[in-house]
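Here is a friendly tour for anyone about to set up calculations on this chain. Have the viewer open as you read.

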Amino acid sequence: MADPPGCCRPCATCLLCLYSCQWITTKKEKRKGLRTTKCDCSWFLFLFCVFLFTLVWLYFAIIILNDFHNFNEFIFKQKKLWLDWSLVLLIATAVLITYSAVLLVLALCLQLCGQPLKLHWLHKTLLIVTALVVAAAFTGLGIKWAEEWRSARISLQATGPFLHIGIVGGMTLLAWPLASFIYRTRNTGLKVFLLLVYCTVMIALYLAPLGITSPCIMEENQLPPKPALVGHRGAPMLAPENTLMSLQKAVDCDVQVFETDVMVSADGVPFLMHDEELTRTTNVQAVFPERAALNSTAFNWTDLQQLDAGSWFLERRPFPTVQSLSAGDRYQAAKQRIPSLEQALEAAKQSNISIMFDLRPENHSDYQSFVNATLEVILQSGIPLQQVFWLPDGFREQVKQQAPGVQQVYGRKRLQNEKEPLLHVNLPYQDMSSEEIRQYRQDNISVNLYVVNQPWLFSVLWCSGVSSVTTNACQVLKEMKHPIWLLPSSTYLMIWIVVDCSSFLAILWAFLLLK
């Protein structure tokens with residue numbers, strides 16, 4: 001087989017070696033009559049599908065990083081092992097996508113050089129393993145973390161226009177090896193089939209922007225105000241969660257609300273704690289090893305005050321930002337103790353920020369006494385009641401009667417025949433569409449969505465008009481003065497036309513040049 005113009009024999013032989021894992025000279029190749037068979041074409045198609053499959057998983061992996069801290073906490077509760085599993089996810093995904101991408105590039109280069117696509121059995125095995133691993137990852141995502149599918153749909157509002165440009169560009173580049181293959185093959189039916197498939201895909205891509213919607217396709221003067229920031233357990237990327245240091249760091253990030261979780265000790269003292277067990281965020285296993293597995297509410301306040309609520313943050317490094325803390329912040333973090341609700345309310349009052357909390361655990365037999373103890377602390381604290389946002393549903397009517405000034409926040413959407421209009425709702429960001437957010441905003445209902453950490457997600461919700469977001473990354477979102485991107489519809493239309501016309505001309509050039 002003669003080397004085509006522009007492809008030197010050593011390069012073609014090297015490409016064939018990497019793809020087929022064997023050295024084959026041109027003369028030997030002629031003797032064997034080596035050529036691309038239907039089976040080889042099938043393996044190339046499989047390689048292309050595995051690459052696309054892995055590429056889609058890479059997209060999902062990047063999207064779910066917004067919520068990955070929840071996964072880390074889940075694994076810790078199950079296995080008592082703390083690790084930033086997002087690093088494992090990204091490294092494994094990078095290896096899979098790199099391997100399939102390199103093989104695909106080799107195959108395309110071999111096709112342009114007129115060489116046979118003889119994929120080695122080892123590559124075939126690894127490709128099957130890659131497909132199975134990615135399929136298992138998608139299956140696990142669907143079973144254990146189904147809400148991330150909704151996150152992916154939301155992400156398309158942020159990435160849709162750019163994905164369109166990237167896919168059109170990739171399919172345009174594919175025209176070169178496709179044209180080379182079509183001009184070399186003698187099978188007329190295969191030629192027609194490939195051309196029909198390719199043309200159908202390109203026409204669909206050219207028309208895809210008709211179905212792309214994004215709240216950030218709007219005029220600059222239509223952009224809603226920037227959402228207020230709610231510190232999720234304070235500023236957990238900068239300080240141990242649910243501590244006074246975390247509250248102060250949240251204040252430094254200009255948050256308007258400190259979001260926390262309240263439990264009540266065995267002797268009736270409300271304190272800040274998210275987990276039902278103390279093992280993740282304290283040194284309870286060292287101080288009270290025989291009681292470490294007990295519910296947080298089983299400890300009295302004297303016992304709780306003996307626990308270190310800060311050193312775990314420096315040891316486990318729940319977020320990468322811990323590494324960049326100053327020496328002073330590290331010293332302060334190591335000294336943190338579990339704060340009482342009274343201390344938190346005093347700090348919030350002095351900093352002039354609001355406080356929003358859940359009261360846990362709601363299925364406890366003494367929950368009503370928890371509500372009474374919490375209300376008593378709030379009323380005695382002297383904090384303006386309008387700065388207190390009440391999340392728990394249990395005994396809400398009692399709370400309204402005893403503390404009518406407290407802001408009632410509901411963890412659900414409004415009902416059709418709502419007796420009392422909702423003023424504040426607090427929901428996962430996956431649970432509200434852009435259209436619903438706009439409607440609630442028009443009806444003067446404050447919408448807070450949680451947990452929003454990534455700038456792309458914050459940008460979409462900003463463009464949608466959400467009132468506030470609960471975040472772990474207040475220090476990041478604080479610096480955003482504008483959504484990541486904002487396009488007037490006329491500009492987007494112009495980009496669409498330019499991209500599609502450029503792609504069409506490039507494809508036409510490829511087929512004419514290689515004819």
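## Annotated spans

Residues 85–113 run 97% helix and 0% strand, with the end C-alpha atoms 42 Å apart. Please keep in mind that the model is predicted. That stretch is one of those covered by the UniProt annotation "transmembrane region", from an unreviewed entry, which takes in residues 41–65, 85–113, 125–143, 163–183, 192–212 and 493–514. Residues 41–65 also belong to that annotation; here the chain is 96% helix and 0% strand, and 36 Å separates the end C-alpha atoms.

The unreviewed UniProt entry also annotates residues 227–481 as "domain: GP-PDE". Over residues 227–481 the chain is 34% helix and 16% strand, and the end C-alpha atoms lie 11 Å apart. The three spans can be set side by side.

| Span | Helix | Strand | Distance between end C-alpha atoms |
|---|---|---|---|
| Residues 41–65 | 96% | 0% | 36 Å |
| Residues 85–113 | 97% | 0% | 42 Å |
| Residues 227–481 | 34% | 16% | 11 Å |

## A helix pair

Two packed helices are described by the angle between their axes and the distance between the axes. For α7 and α20 (residues 489–513), the angle is about 10° and the axes are 8 Å apart. Because angles under 35 degrees count as roughly parallel, α7 is roughly parallel to α20. On the α7 side, the residues in contact include H164, V168, T172, W176 and Y183. From α20, the contact residues include Y492, W496, D500, S503, W509 and F511. By class, the residues of this contact between α7 and α20 are 19 nonpolar, three polar and one charged.

## Open and enclosed space

Rolling a probe the size of a water molecule over the atoms shows where empty space is left. What is the volume of the second largest pocket? The second largest pocket has a volume of about 1,300 Å³. Its lining has 49 residues, of which D67, N70, F71, W145 and E147 are the closest to the centre.

Which element gives the most to that lining? It is α4, with seven residues. Elements that each supply at least two lining residues include the helices α3 (38–64), α5 (85–112), α6 (121–144) and α7 (147–184), along with the strands β2 (257–264), β4 (354–359) and β7 (424–428). The lining of the second largest pocket comprises 24 nonpolar, nine polar and 16 charged residues.

The structure also holds three cavities of 30 Å³ or more. The largest cavity contains about 60 Å³ of space. Its lining is made by E241, N242, T243, L272, M273, H274, T281, A309, I338 and P339. By class, these are five nonpolar, four polar and one charged.

## Backbone points to check

Most residues other than glycine have a negative phi, and most peptide bonds are trans. Three places are listed here with that in mind.

R360 and P361 are joined by a cis peptide bond, with omega about -15°. P361 is found in the loop between β4 and α15 (367–381). Another cis peptide bond joins Y450 and V451, where omega is about -20°. V451 is in the loop between β8 (446–450) and α18 (455–464).

Then there is R233, a residue other than glycine whose phi is positive, near 60°. R233 has its place in the loop between β1 (228–232) and α9 (244–252).

Key:
Residues numbered from 1 in each chain as written. Predicted model: local features only at pLDDT ≥ 70, side-chain atom pairs only at ≥ 80, totals over all residues. Heavy atoms only, no water. 1 Å grid on protein atoms, 1.4 Å probe; cavity = no way out; pocket = protein on both sides within 12 Å on 5 of 7 lines; lining within 4 Å. Points joined across faces, edges and corners; volume = space filled by probe spheres on them. Helix = DSSP H or I, 4+ residues; strand = E, 2+ residues; numbered from the N terminus. Nonpolar A, V, L, I, M, F, W, Y, C, P; charged D, E, K, R; others polar. UniProt positions renumbered as here; feature names shortened; annotations may be inferred. Axes fitted to C-alpha atoms, helices over the stretch in contact; angles between N-to-C directions. Parallel < 35°, antiparallel > 145°, perpendicular 65-115°, else oblique. Contact = heavy atoms within 4.5 Å.
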